[in-house]
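Okay, thanks for coming, everyone. Let me put the structure up, and then I'll walk you through a few spots in it.

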Amino acid sequence: MKNAFLYTDAYLDYDYGPTHPLRIIRLKLTYGLIKSYGFLDLPSVQFIPTIKAEEKDLAAFHSEEYLNILKQANEGYPMGDAYFYGLGPGDNPIFPGLFNLSLLLTGATLQAVDFVADGKGEIAFNIAGGLHHAMRARASGFCYINDPVIGIMRLLNRGKRVAYIDIDAHHGDGVQKAFYETNQVLTISLHESGHTLFPGTGFEYEIGEGKGEGYSVNLPFPPHTEDEVYVWVFDEVVPELVHAFKPDVVVTQLGVDTFYDDPLTNLHLSILGFERILKKIKNLAPRWVALGGGGYNISNVARAWTLAWAVMNGIELNEKLPESFLKEAVKFGMEEKELREQLGTSPHSQNKENRMEMERVVHYIKETVLPRVKG
Ligand SMILES: [Zn+2]
C-alpha cells in the first residue's frame, strides 16, 4: 500500500499580497524539506502532481452566483459587489488568479480523496488544502473555496462514512455548517475559543441540529493552552467518538497555527504536542485524507508538516535539517536548524485554570454528545 503526497510548483504563481499573513512560499518550503529528507523517493510513497479541479466540482457546494463572482475576481481587479461575498482588502483580497489557485488546491484534495477511495493507498496528504472557513456563497478567513467540504461530499457520493477532525487553531466553521444537519459526517473541531479568536464560533453547545444533533463536536480551548491539557482533552473525547461513529475515512485539517509562536493565535502548543496528536490520529484512521490549513510562522509550517508526513509513513527523522534545504530556506528567513524544538514552561502558564475549564467542556461533551453518537 502506498501513501500519496500531492503538490505542484504552480502554487507559486499566486500571491495574496505583500502584507497578507498567508504566504504561498510555505508550501514550497514544506515540499522542499520533505524532498530533501528523501521522503518522496521511498518505495511506499507515490508523488502525485496536482491537477486542477473542474468548475462543476466546486458547484457541488458553492452557489453559482458566488462562483461567477470568483471567476470575475480572478482578473485581479477591484469589483463593486465583491464586498457582499466577503472579498476585498483585508482577509480575502482580490488578487490575479485567485480562482485558478482555488481550482488547483481543490483539485489536489479531490485527487487525495480518489486515491484513498479507490483503495490505491491508505493515506493521502494535500498540504495546500484545508481551507475550512469558506462558506457556500462567501469567502472568509483567507478561504475562497471550501476544499474539505467538497472532498467530503465526494466521499459521501462514493458511499463512504466520514469523520472530520480539525486541529487548526481556528474553528472549522465552514465545514461544520455544511454538515450541521446530517448524521452522515461527524465533525470534530479542536480550536482556540471563539471568545478570543476568529471566527467567534465553535462553542461546545454547537452540537448539530435535526438528524445532525450530536454529530458536530466542538472543543474550544482557552488562550495559552499547552500540550498537556490539549492532549488530555483529545484522549478523553476523540477516540471514543470516532470508534462509536465507525468512519470509512477520516479527513483531517492539520492547521499548525496552534504553536506558541504563531503570530495570529494564542494557543501554546509545541511541535511535540502536534506530533503526539498526529500519532493518535494515525491509530484512529482506517483511511486518511490529510489536508493542510493555517500556520503563519513558515518555519513551523515546513517542519511540522514534514513531521506529519513522517508520522504518516512511520519514519523516524534525523533531528538536523538537511544542509541542502537550509541553504534555500535561509533566503526566506528560516533560521531553525533542527526539526523539533523543546518548549520551556511559559512564564504565564495557566495550565491549572485551563485544565479546569476543559474538564467542564469534556464533561459536557460526554453527557450531551457522546450518547447520541453511540446511539
Ligand atoms: Zn487557522
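So, Ser216: buried or exposed? This is a predicted model, by the way, so what I'm giving you is computed from it. Ser216 has a relative accessible area of 1%, and the cut-off for buried is under 20%, so Ser216 counts as buried. Its place is in strand E6. If you leave aside residues up to four places away in sequence, Ser216 touches Gln176, Tyr180, Thr187, Glu206, Ile207 and Gly208.

Now let's look at the rest of that strand. How many of the six residues of E6 are buried? Six of six, so the strand is mostly covered. And that goes for both faces: Ser216, Asn218 and Pro220 are buried on one side, and Val217, Leu219 and Phe221 are buried on the other.

What does E6 pair with? Strand E5, residues 185-192, runs parallel to E6, and six bridges join them. One of the residue pairs to look for on your screen is Glu192, whose bridge partner in E6 is Phe221.

Okay, zooming out to the sheet. Strands of a sheet pair through backbone hydrogen bonds, either parallel or antiparallel. Here we have an open sheet of eight strands with parallel pairing. Reading across, the order is E2-E1-E3-E8-E7-E4-E5-E6. Strand E2 (45-49) and strand E6 (216-221) are the edge strands, each pairing on one side only. From one strand to the next, the twist averages 15°.

Over towards the E2 end of that order, strand E1 (residues 2-7) and strand E3 (residues 121-126) run parallel, joined by five bridges. Ala4 stands opposite Ala124 in E3, if you want a spot to find on the screen. There's also a helix across this part: H4, residues 98-117, lies across E1, E2, E3, strand E7 (249-253) and strand E8 (288-291). Its direction is at about 170° to E3.

Next, the holes. How many cavities of 30 Å³ or more does the structure hold? Four. About 110 Å³ of space lies in the largest cavity. There are 13 residues lining that one, and the closest to its centre are Leu22, Ile24, Leu27, Leu105 and Ala128. Helix H1 (25-36) and our friend H4 each supply at least two residues of that lining. By class, the lining of the largest cavity divides into nine nonpolar, two polar and two charged residues.

The second largest cavity has a volume of about 90 Å³. Of its 15 lining residues, Leu131, Gly141, Cys143, Gly294 and Tyr296 are the closest to the centre. This lining has five nonpolar, eight polar and two charged residues.

Last stop, Phe142. You'll find Phe142 in the loop between E3 and helix H5 (147-157). Loop or not, Phe142 is at 9% relative accessibility and counts as buried. So what does Phe142 touch, again not counting residues up to four places away in sequence? Tyr16, His20, Pro21, Leu22, Asp91, Asn92, Leu264 and Tyr296. Two of those names have come up already: Leu22 is among the residues closest to the centre of the largest cavity, and Tyr296 is among those closest to the centre of the second largest. For a sense of distance, Phe142 and Trp288 are 146 residues apart in sequence and 25 Å apart in space, C-alpha to C-alpha.

Okay, that's my tour. Over to you.

Methods: Residues are numbered from 1 along each chain as its sequence is written. This is a predicted model: local features need pLDDT of at least 70, side-chain atom pairs count only at pLDDT 80 or more; totals for chains, interfaces and linings use all residues. Side-chain values use heavy atoms; hydrogens and water are left out. Two strands pair if DSSP finds at least two bridges between them. Helices (H or I, at least four residues) and strands (E, at least two) are DSSP runs, numbered from the N terminus. Axes are lines fitted to C-alpha atoms, for helices over the stretch in contact, and angles run from 0 to 180 degrees between N-to-C directions. Contact means heavy atoms within 4.5 Å. Buried means under 20% relative accessible area, exposed over 50%, partly exposed in between (1.4 Å probe, protein chains only). On a 1 Å grid over the protein atoms alone, a cavity is a set of points where a 1.4 Å probe fits but cannot get out, and a pocket is an open set with protein on both sides within 12 Å along at least five of seven lines; lining residues have an atom within 4 Å of a point. Grid points are joined across faces, edges and corners, and a volume is the space filled by probe spheres set on the points. Ala, Val, Leu, Ile, Met, Phe, Trp, Tyr, Cys and Pro count as nonpolar, Asp, Glu, Lys and Arg as charged, and the others, Gly among them, as polar.
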